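Colleague: I would like a close look at one part of this model. Please start there and then walk me outward through the rest.

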Amino acid sequence: MDTKLIEYIIAIAEEKSLSKAAERLYISQPALSQRLKKLEDELGTPLFARERDGLTLTDAGRIYVNGGYSILQIKRNALKKIASLSQSSKNTLRFACASSSAMEIIPAFRKSNPEIELIVRRSNTPSAKEDLIMGRADLGVILTSSLQHSVLEYLPLWTGELLLAVPDGHSTIASEDFSHGDYTALQDDYFVLTRAPSFVRNAENQALRSMQLQPNVICEIEDDVSRRYMLNNGIGNAFVPSRAPHSEDTYHTYSLNPPLTFYVVAAYQKSIILSEPMKQLIRLLLTQYDELP
């Protein structure tokens, strides 16, 4: 993409002087003046007017320069993405992970690809998504309520449902009330919620609004192990994904009314070409989530 002429015109506009612009661009003033005149002849209109304080843009000149800035930004972004691809080709793969289940495929990938440096960042969905959009990660696993995104490609790995989890022995529970959307029995209960900001906490807040509850939040946590411990010890209610419970779990789960579903997806920028290591990592992820109960 030859953007030299655009850079010339922008330099003149910023310096307000042909001589200063020529000095900045390391070309002669007559050569720069000739390029400007040729462009103005092609456009059929002047781009600059001579004022007391130097050259100022005409209306046509402002349109040209504003468009030029946009074109140069597109070029910079394209070069950054190409550099990112080049970095990936140098045996490096940056993996942003917002799901603990996805972490389990890392040993298998490293064993089959010892020449690839897999750089893993464990984070929540908002951080992982930002890393992908900004080009700081090549591939990620995130949670989402929609499979559509303007910048990222989403490959579904698993579809889940957020369930209400209540400790064993709750004295006022009537599951038939829950099936009809009546959660008044929980209005004075304590809840264990996920620490914000996160996709899960947003989903929990959405669920509580639909249940018409203002919860007493006893604590905020980040991991499933702590959540299960608190549920099994009767410390508070919580929300859990729709997976088969562990054999030692004693709490009870209920579908919400209406149900609250979400997706775990492999995500990457739509504009990139998947490298072979990325394809292999995605295949491992598909196998891993296909085996989830």
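Which side chain meets that of E15 in a salt bridge?

Modeller: The side chain of R24 meets that of E15 in a salt bridge, at 3.1 Å from N to O. Bear in mind that this is a predicted model. E15 is partly exposed, with a relative accessible area of 28%. R24 is partly exposed too, at 38%. Both values fall between the cut-offs of 20% for buried and 50% for exposed, so neither residue gets either label.

The structure holds 14 salt bridges. The pair of E15 and R24 is one of them. Here are some others.

Take helix 3 next. The side chains of D41 and K37 meet in a salt bridge, again 3.1 Å from N to O. D41 and K37 are four residues apart in helix 3, which means about one helical turn separates them. Both residues are exposed.

R195 and E222 also pair through their side chains, at 3.4 Å from N to O. R195 sits in the loop between strand 7 (190–194) and helix 8, while E222 sits in the loop between strand 8 (216–221) and helix 9, so this salt bridge ties together parts that are 27 residues apart in sequence. R195 is partly exposed, with a relative accessible area of 41%. E222 counts as exposed, at 60%.

There is also a network of salt bridges, which links R121, E130, D131 and R136. R121 leads into the strands, since it is the bridge partner of A96 in strand 4.

Strand 3 (residues 92–97) is mostly covered, with six of its six residues buried. T92, R94 and A96 point one way. L93, F95 and C97 point the other way. Strand 3 runs parallel to strand 4 (residues 117–122), and six bridges join the two. Between them the chain passes through helix 5 (residues 106–112), in a right-handed β-α-β crossover. Strand 3 also runs parallel to strand 5 (residues 139–144), with three bridges joining them. There, C97 has V141 as its bridge partner.

Back to helix 8, which follows the loop that holds R195. Helix 8 covers residues 199–211, 13 in number. From first C-alpha to last, helix 8 reaches 18 Å, close to the 18 Å expected at 1.5 Å a residue. Its buried residues are F199, R201, A203, E204, A207, L208 and M211. Q212 comes after the helix, and its phi is positive, near 60°.

Now the surface. Y190, I218, Y229 and I235 form a nonpolar patch there, with about 400 Å² of accessible area together. I235 lies in the loop between helix 9 (224–232) and strand 9 (238–241). I235 is partly exposed, with a relative accessible area of 32%. A patch takes residues with over 30% relative accessible area, so I235 passes that cut-off.

One last loop. G44 lies between helix 3 (29–43) and strand 1 (48–51). G44 is exposed, with a relative accessible area of 65%. The C-alpha atom of G44 is separated from that of F239 by 67 Å, and the two residues are 195 residues apart along the chain.

Key. Residues are numbered from 1 along each chain as its sequence is written. This is a predicted model: local features need pLDDT of at least 70, side-chain atom pairs count only at pLDDT 80 or more; totals for chains, interfaces and linings use all residues. Side-chain values use heavy atoms; hydrogens and water are left out. The expected span of a helix is 1.5 Å times one less than its number of residues. Buried means under 20% relative accessible area, exposed over 50%, partly exposed in between (1.4 Å probe, protein chains only). Patches are made of residues with over 30% relative accessible area and no salt bridge: like charges are joined within 9 Å, nonpolar side chains (Val, Leu, Ile, Met, Phe, Trp, Tyr) within 5 Å. Accessible areas come from the Shrake-Rupley method with a 1.4 Å probe; for residues, only the protein chains shown count as cover. A salt bridge is a side-chain nitrogen of Lys or Arg within 4 Å of a carboxyl oxygen of Asp or Glu. Two strands pair if DSSP finds at least two bridges between them. A crossover is right-handed if, with the strands pointing away from the viewer, the path from the first strand over the helix to the second runs clockwise.
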